[in-house]
Amino acid sequence: MKDNLLLSPGPTKVPREVYDSLGSPIIHHRTPQFQNYLKEAMEGLKEIFQTKNDVFIMASSGTGAMEAAVCNLLSPGDKAITVEGGKFGERWTELCKAYQVEASVIQVTWGTAVQPQQIKEILDADKDIKAVFVTLCETSTGVKTDIQAIGEIVKQTNAVLVVDAVSGLGVDDLQADNWHVDIVCSASHKGLMLPPGLGFISVSPKAFGLIEQSKNPKYYFDLKKAKKTADKTDTPFTPAIALVIALTKSLEIIKKRGLENSFNHFAKLAQAARESAEALGLTLFTDPSCRSNAVTAINVPEGIDGGKFVKTMRDTYGVTMAGGQASLKGKIFRIAHMGCINEQDLIAGISCIETVLKEMGYDFEADKGVKAAQVALQV
Ligand code: PMP
């Protein structure tokens, strides 16, 4: 099969060392050998999550970790806050609905972020709210939420703060403990540079207090069971053995680079993506006050078929970016800078954007985008 450069916001590129590790012979999970990997993975995740809390590893995609948060924390009839500023904020509302949790939904214009004050007003008015569900990087719009400010507000209440960091983890800074985040949900196939198949969830003591009272049905995602087994460096069910072993490899790569360096690296890539888009006369979808460093959302120019543009990049040139979702279908395209995406990948992506835009009749000065990226990246 032809190589395809994945510049989509998940799944993302997998480093060679991680692939190699996935090819190792399978081992049994109830062995000291696997326990060593599991211990290393759980400890390594704590560093990326910036927490001392347990981080549980489950065999699921990111939505599984999100479902675990809702069904473990709450009971039918409980109240929560969700923020709908994109596809993944909507997912929190849908999960609340599925578990009969009454969500106060804050509607936010797509491309902008929720104001922490909006959350405070609802919490002040209703002391019965038990959980606040937000999204670090709203992948569908490229918006980053101010988790630190929201954490300051929620910590003063009995409610817990739950953050979907499925795409933002390891890319946009998220200090779970310092910022008073009770639950962080994430997954393997974005910043952590693995194939899809693992969900992660960190849980604070405050969240465990609520979990003790929860009456919602749960079985596979029961976090009390996860805690009981994790305390013995074990898992309740058969873990995704090969992925957990590969996870230790990707954590090693991230550790070697350092978290602070990673954040700076992705900030630089994001800046280069934005500057090159603007150099081509394109406009950015996301409000400048709240742009995530994980994904850049770019408006498709007038007269260009957005669906065909993304499809041509993928099928003719082997470069996969994402189009827009829901109401943004055909209107934006999204380029990711997360995981092991590097300077050369980004430049290749921008060169492909130029090639296909030219073919489709968009008028711009050739190479201007690539040059802007090179200047921003100093390569
Ligand atoms: N939340 C965010 C912010 C995401 O980007 C995604 C995946 N695009 C999800 C949740 C859902 O994750 P998954 O598809 O792994 O279930």
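When we sort residues by character here, Ala, Val, Leu, Ile, Met, Phe, Trp, Tyr, Cys and Pro count as nonpolar, Asp, Glu, Lys and Arg count as charged, and the rest, Gly among them, count as polar. Keep that in mind as you look around this model, which is a predicted one.

Let's start with the ligand. It has 14 residues around it, and the closest are Ser61, Thr63, Thr139, Asp164 and Lys190. Sort that shell with the scheme above and you get four nonpolar residues, seven polar and three charged.

Now zoom in on the ligand's oxygen atoms. The side chain of Thr139 has an N or O atom 2.4 Å from one ligand oxygen, and Ser61 places a polar side-chain atom 2.6 Å from a ligand oxygen. Gly62 joins in through its backbone: a polar atom there sits 2.8 Å from an oxygen of the ligand. On its own, the ligand has 390 Å² of accessible area, and the protein covers 86% of that. Two elements, helix H3 (62–73) and helix H4 (87–98), each give two or more residues to the shell. H3 gives the most, with three.

Next, step away from the ligand and look at the protein's interior. The largest nonpolar core has 83 residues, and Ile57, Ile119 and Ile201 make the most contacts inside it. Helix H9 (residues 241–257) supplies the largest share of this core, eight residues. Separate from it is a second core of 40 residues, with Ile335, Ala336, Met338 and Tyr362 among them.

To get a feel for the bigger core, try clicking on Ile119. Setting aside neighbours within four places in sequence, Ile119 is in contact with Ile81, Val83, Ile106, Val114, Val132, Val134 and Ile150.

Notes
Residues numbered from 1 in each chain as written. Predicted model: local features only at pLDDT ≥ 70, side-chain atom pairs only at ≥ 80, totals over all residues. Heavy atoms only, no water. Core = buried A, V, L, I, M, F, W, Y, C linked by side-chain atoms within 4.5 Å. Buried < 20%, exposed > 50% of the residue type's maximum accessible area, 1.4 Å probe, protein only. Helix = DSSP H or I, 4+ residues; strand = E, 2+ residues; numbered from the N terminus. Contact = heavy atoms within 4.5 Å. Near = heavy atom within 4 Å. Polar contact = N/O pair within 3.5 Å; in protein donor to acceptor, adjacent residues only side chain to side chain. Areas by Shrake-Rupley, 256 points an atom, 1.4 Å probe, with all protein chains shown as cover.
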